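Got your viewer open? Here's a walk through the model, one selection at a time.

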Amino acid sequence: MIESPSGFWGPVAWIIIAVVASLVGYYIWSRGEKTHKKGVQSEEFLMANPRLTEEKVHVRAHNVYWGFFEGLKKYYDPTVKAHTGIINDYIIWFVALTAITAIILLVVGVR
Amino acid sequence: MTPLIGRASGKARDILVVASLAFVAFLVIILARDIYPNGLHLYTLGALSPDLTIPEGHVVPVRIILEVDSMSIFMAIITATVSLAAAIYSLSFMKEETGQNRFYTLLLLLAAGMFGMELTGDLFNLFVFLEIASIAGAALTAFRTRFADAAEGGLKYIVISSVAALMVLFAIGIFYAQYNLLNIGALAHVMQYTMLDKIALVLLVIAFVMKLAGVPLHMWCPDTYSVAPASITIMLVAASYACLYALFRTCFTLYGISPDMVTVGWIVIISGMLTMFVGVTMAVFQTDIKRLMAYHCISQTGYMLLGVGVGLAVLGNPEALATYGREAMSGGIFHIINNAMYKGLLFLTAGALFYRVGHRDLNRMGGLGHKMKLTSIFFIIGALAISGVPPFNGFASKFMIYESVYQFNPILSVIAMLVSLITLASFTKAFQSAFTGPQLPAYKDVKEAPRSMLVGMGILATVIIFFSIFPGLIVHHIVDPATNALIDQAAYVNGIMGGIP
């Protein structure tokens, strides 16, 4: 158990809940239709349209969270653009940050 | 010995490498068992007695001294575990590659560099080991020369490492010119906080921030981590934590308590916030699985900087330090070992995917969970842990950070929680894209990862589960002593200047 300034954390209760939930899930699964056989059921029926291929059914990574990226376009456009992949730029960032930190520390001072 | 034995038998070389690292891990555990109850250990190289830090007729230490306290050994435990898992994983992952003698020699050299950085008490020695780790890391990143981007990744790593090492050397020169000393404890003892010392502090902080991929000096990280062999990527993660250790050692031990360390603390905190936010928002945007994970690696480092930065900011305020500062530091330090384990596991799962499908593009993956069931389970364990989902170990360390940082500044804590949510979203995307969905015709013949790769992943997954079930055990026996060692500058200095502690 870990104690924090305003509470504590012990994983035991969570583990018990996870075990109980798994047992309940297994029980429900085991009560399922036993006559089911793989491959003998009919294919998916999508409004009389032909069945899509596996490649078309699967949602690809670039489509996931599309709306999130569109909504935050003003943040993403400059941020992605800043990641140029050019090592000269990385060193420019290094020089700039060193200068800024030096100014802060030398003006405010360590002591 | 590795290249020599490797010339005779590849199998014997493999056994030698794994056995050596297992033996080193064993020695680290023995040392840890001695250090936690008895305090720091000294080893003076070339002295008549290992604890003779100041030779007769001298008033300052002149030899290279290894000084190992609870913080150093904490880092050594991480390095030992990660190196062993990486070596075992490499047995299958690098099986088809040529030049394996050189690969394993460099792997051992990288491990030696990291151990050296973590165990030395000498600043110049730290620079030397930093260079050793950097050169070995760059060579290993570029090892698979048939990939053009591997050479580019290696080049970027060596350039940023060289610039960082040069700054460290420059700072060491400043200290040596002023104090005629190279030993960390001895330097801390005589530190005057002159203008030159402040410049040296800036150079050291920025150099180590670049090496640990803190924003905005993080851009090399995805370029390098994504192209290195998976087993080497996890070693590079551990190497970046060795630099994090060097940063903490600089701030807490070399400079220590000073009324205006609040400024340095805030620099570390702001760097941490930027690192976690930019890292995670860039991660969720990626479609290359290893680049996605590399950005998460950056993001998670932000938590460590935040937790320890809060401790640094309140170092001169005993009341705040006791109320929440120490807890924040423990959370940050606990997060280092947690992240090394689950980030290591995630990179190894990404490596297993690459090994089987031949690319890292999430857009082209799908349905791999049908054939790679164990890899899927390992990925889920790593993903839930890094996202801070209870009851995994990632939650335990984040819980400590959230609660303690909230008392310092609630906004910082809220942003940290938001970052955790985006982390979960990002790994949901990665899992959905790679493992779920119908089995794609292109991957009908894909098999589960080879056994040694599963063993490597299994070691890290076991550690994660153990840490998740017994977080209190880890915090009380390993993390809290490390935090105390970092705060207790006097003990480190007295270890050198006062002889045997």
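Start by selecting chain A: buried residues make up 11% of its 111 residues. Buried here takes 20 or more other C-beta atoms within 10 Å of a residue's own, exposed is 12 or fewer, and partly exposed is in between, with C-beta atoms placed from the backbone. Before you go on, two bits of housekeeping. This is a predicted model, so local features need pLDDT of at least 70 and side-chain atom pairs count only at pLDDT 80 or more, while totals for chains, interfaces and linings use all residues. Residues are numbered from 1 along each chain as its sequence is written, and chains are lettered from A and ligands numbered from 1 in the order in which they are written.

Colour chain A by secondary structure and you'll get five helices and two strands, in the order β-β-α-α-α-α-α from the N terminus. Helices (H or I, at least four residues) and strands (E, at least two) are DSSP runs, numbered from the N terminus.

Now click A:Val59, in the loop between α2 (54–57) and α3 (66–71) of chain A. Buried or exposed? Neither: A:Val59 is partly exposed, with 14 other C-beta atoms within 10 Å. Leaving aside neighbours within four places in sequence, A:Val59 is in contact with A:Val64 and, across in the other chain, B:Gln432. Contact means that the C-beta atoms of two residues, placed from the backbone, lie within 7 Å.

Next, show the whole contact between the chains: 56 residues from chain B and 42 residues from chain A. On the chain B side, helix α8 (residues 195–211) gives the most, with seven residues. That side divides into 34 nonpolar, 15 polar and seven charged residues. The classes are Ala, Val, Leu, Ile, Met, Phe, Trp, Tyr, Cys and Pro as nonpolar, Asp, Glu, Lys and Arg as charged, and the others, Gly among them, as polar.

Stay on α8(B). Of its 17 residues, 14 are buried, so α8(B) is largely enclosed by the rest of the structure. From first C-alpha to last, α8(B) reaches 25 Å, close to the 24 Å expected at 1.5 Å a residue; the expected span is 1.5 Å times one less than the number of residues. After α8(B) comes B:Ala213, with a positive phi near 65 degrees.

Move on to α5 (residues 123–141) and α6 (residues 148–179) of chain B, which pack at about 175 degrees with their axes 8 Å apart. That makes the pair roughly antiparallel, the word for angles over 145 degrees (under 35 is roughly parallel, 65 to 115 roughly perpendicular, the rest oblique). Axes are lines fitted to C-alpha atoms, for helices over the stretch in contact, and angles run from 0 to 180 degrees between N-to-C directions. To see where they meet, try B:Phe127 and B:Leu130, among others in α5(B), and B:Tyr157 and B:Ile158, among others in α6(B). α6(B) is followed by B:Asn180, whose phi is positive, near 60 degrees.

Last stop: the largest nonpolar core, with 210 residues. Such a core is a set of buried Ala, Val, Leu, Ile, Met, Phe, Trp, Tyr and Cys residues joined through C-beta atoms within 7 Å. Helix α10 (residues 230–255) of chain B gives the most, with 20 residues. B:Leu345 is one of the residues touching the most other members. Pick B:Leu345 and find its contacts beyond four places in sequence, including B:Phe378, B:Met457 and B:Ile464.
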